[in-house]
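Explain how the cysteines and the nonpolar cores are arranged in the structure shown below.

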Amino acid sequence: MNKAKSLYTCNECGGASPKWLGKCPSCDAWNSLVEGIAETPGKHRFQALVAAQPVATLSDIDASELSRLPTGIDELDRVLGGGIVAGGVVLIGGDPGIGKSTLLLQALDAMSRSARTLYVTGEESGAQVALRSRRLGLESSQVRVIAEIQLEKIAATIIAEQPGVCVIDSIQTVYSEELTSAPGSVAQVRECAAQLTRLAKSSGVSIVFVGHVTKDGTLAGPRVLEHIVDTVLYFEGDPHSSFRLVRAIKNRFGAVNEIGVFAMTERGLKGVSNPSAIFLSTHGDPVPGSCVLVTIEGTRPLLVEVQALVDSGGPSPRRLSVGLDRDRLAMMLAVLHRHAGIACLDQDVFVNAVGGVRISEPAADLAVMLAIQGSLRGRALPRGFFAFGEVGLAGEVRPAPRGQERLKEAAKLGFSVAIVPKANAPRRAIEGLTVHAVERIEQAIDLARGL
Ligand code: TYD
Ligand code: MG
């Protein structure tokens with residue numbers, strides 16, 4: 001076979017070189033050249049007379065509903081926006097061992113009842129996949145399996161098998177003959193993903209890539225994968241707890257920031273349909289340094305416990321946070337000091353969101369600050385207490401979106417007293433719930449001390 005020529009392009013400036021160099025000859029960036037296939041210049045490149053193409057008016061284009069194939073797993077359908085779209089390409093990322101292969105095998109089995117499915121495994125043998133499926137209780141599974149890592153063979157198999165859905169587990173193991181780089185390298189992953197995406201679009205096969213996450217938390221190799229595919233899902237969760245979250249961070253066919261909640265059991269992943277309170281730890285009595293907040297993930301309110309520990313530190317005290325933004329923690333400590341007179345200057349401050357959940361919304365601020373002050377003073381907040389609200393640098397407490405829903409969810413779960421931003425105070429009293437509305441952080445701290 002005639003091998004296509006390789007061309008190394010710089011990730012920084014786009015400069016090209018026919019061979020790999022440590023330093024880009026165009027912009028002097030180090031280690032930025034990545035292998036790709038050299039394109040032969042198109043015939044029409046400099047030809048002036050290329051025929052004009054027909055252009056349509058947007059309102060005239062037929063916008064029929066996308067045809068979706070439900071995965072048969074409700075929580076996964078929720079993050080996908082109702083199922084896998086025909087010809088759509090989904091990337092599922094996550095740490096090794098978190099349950100990607102398990103979930104996809106379960107989903108493929110459920111889908112195999114209404115469509116042809118193909119599972120391409122590059123990490124395990126067919127026998128290993130079979131063993132897993134038996135453990136999952138899928139004895140008579142109709143899922144078709146192939147253990148293969150060469151791109152061209154995989155593509156040919158997809159064309160021959162014509163599945164409705166195909167899973168590539170994982171994209172990092174696939175390599176193309178056209179490139180000399182090793183499987184898993186940026187060049188290979190990018191090229192293979194691009195080729196398979198093209199195949200999905202032209203043939204209407206839905207393809208799901210499994211991608212591993214590197215130590216620094218990005219999808220191994222290239223973030224470029226995120227641009228190529230239609231939907232990016234991430235698996236999160238504390239590997240030591242059985243709960244797993246699947247979060248959509250990009251979705252061309254649905255809402256982002258929707259989450260699916262699963263529990264890992266002996267028989268695979270089971271959806272948790274009412275996840276509201278699984279991120280609360282189970283204390284007998286209230287403990288200092290803990291505060292419950294209501295966060296909104298996608299369309300659902302979730303109650304999450306945040307914990308803070310303030311302890312005397314050395315000359316350069318540490319500020320660490322797990323599941324919450326560290327820069328934001330530094331800001332909150334400054335606001336506490338400046339506006340509420342609470343100084344943690346010589347103290348180590350640790351903050352943790354229970355259950356391995358990651359909270360990115362600023363509405364967590366108030367609960368984090370109350371937890372910090374509780375730990376510092378060694379006093380627990382009362383039983384049934386929760387808080388939410390954003391705190392600004394001027395010490396003002398700002399409203400959180402969809403406050404009523406948050407209050408109602410907490411009341412439903414038996415919470416009885418809350419500190420919330422003034423604008424989120426309920427218009428009509430909610431039964432069993434005492435709400436204290438505040439405008440400033442010092443007010444909130446005073447109130448919490450008196451509760
Ligand atoms: P796996 O799907 O292989 O993870 P990934 O593909 O993301 O690397 O999940 C493996 C883990 O899940 C493994 O540690 C065992 C656990 N597990 C169960 O607890 N129950 C099960 O039914 C299965 C199949 C796996
Ligand atoms: Mg796996």
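**Cysteines and cores**

The closest cysteine sulfur to that of C166 belongs to C192 and lies 13 Å away, too far for a bond. A disulfide here is a pair of cysteine sulfur atoms within 2.5 Å, and by this rule the count is zero. C192 is likewise in no disulfide, its nearest cysteine sulfur being that of C166. C166 counts as buried, at 0% relative accessibility; C192 is also buried, with a relative accessible area of 0%. Buried means under 20% relative accessible area, exposed over 50%, and partly exposed in between (1.4 Å probe, protein chains only).

This is a predicted model, in which local features need pLDDT of at least 70 and side-chain atom pairs count only at pLDDT 80 or more, while totals for chains, interfaces and linings use all residues. Residues are numbered from 1 along each chain as its sequence is written, chains are lettered from A and ligands numbered from 1 in the order in which they are written, and side-chain values use heavy atoms, with hydrogens and water left out.

The largest nonpolar core (buried Ala, Val, Leu, Ile, Met, Phe, Trp, Tyr and Cys residues joined through side-chain atoms within 4.5 Å) has 47 residues. C291, I359, L366, L370 and I372 have the most contacts inside it. Helix α8 (residues 365-377) gives the most to this core, with seven residues; helices are DSSP runs of H or I, at least four residues, numbered from the N terminus. Because domain 2 (68-273) and domain 3 (290-450) both give residues to this core, it lies between them; the domain bounds come from an automatic or database domain assignment.

Technical notes. Helix = DSSP H or I, 4+ residues; strand = E, 2+ residues; numbered from the N terminus.
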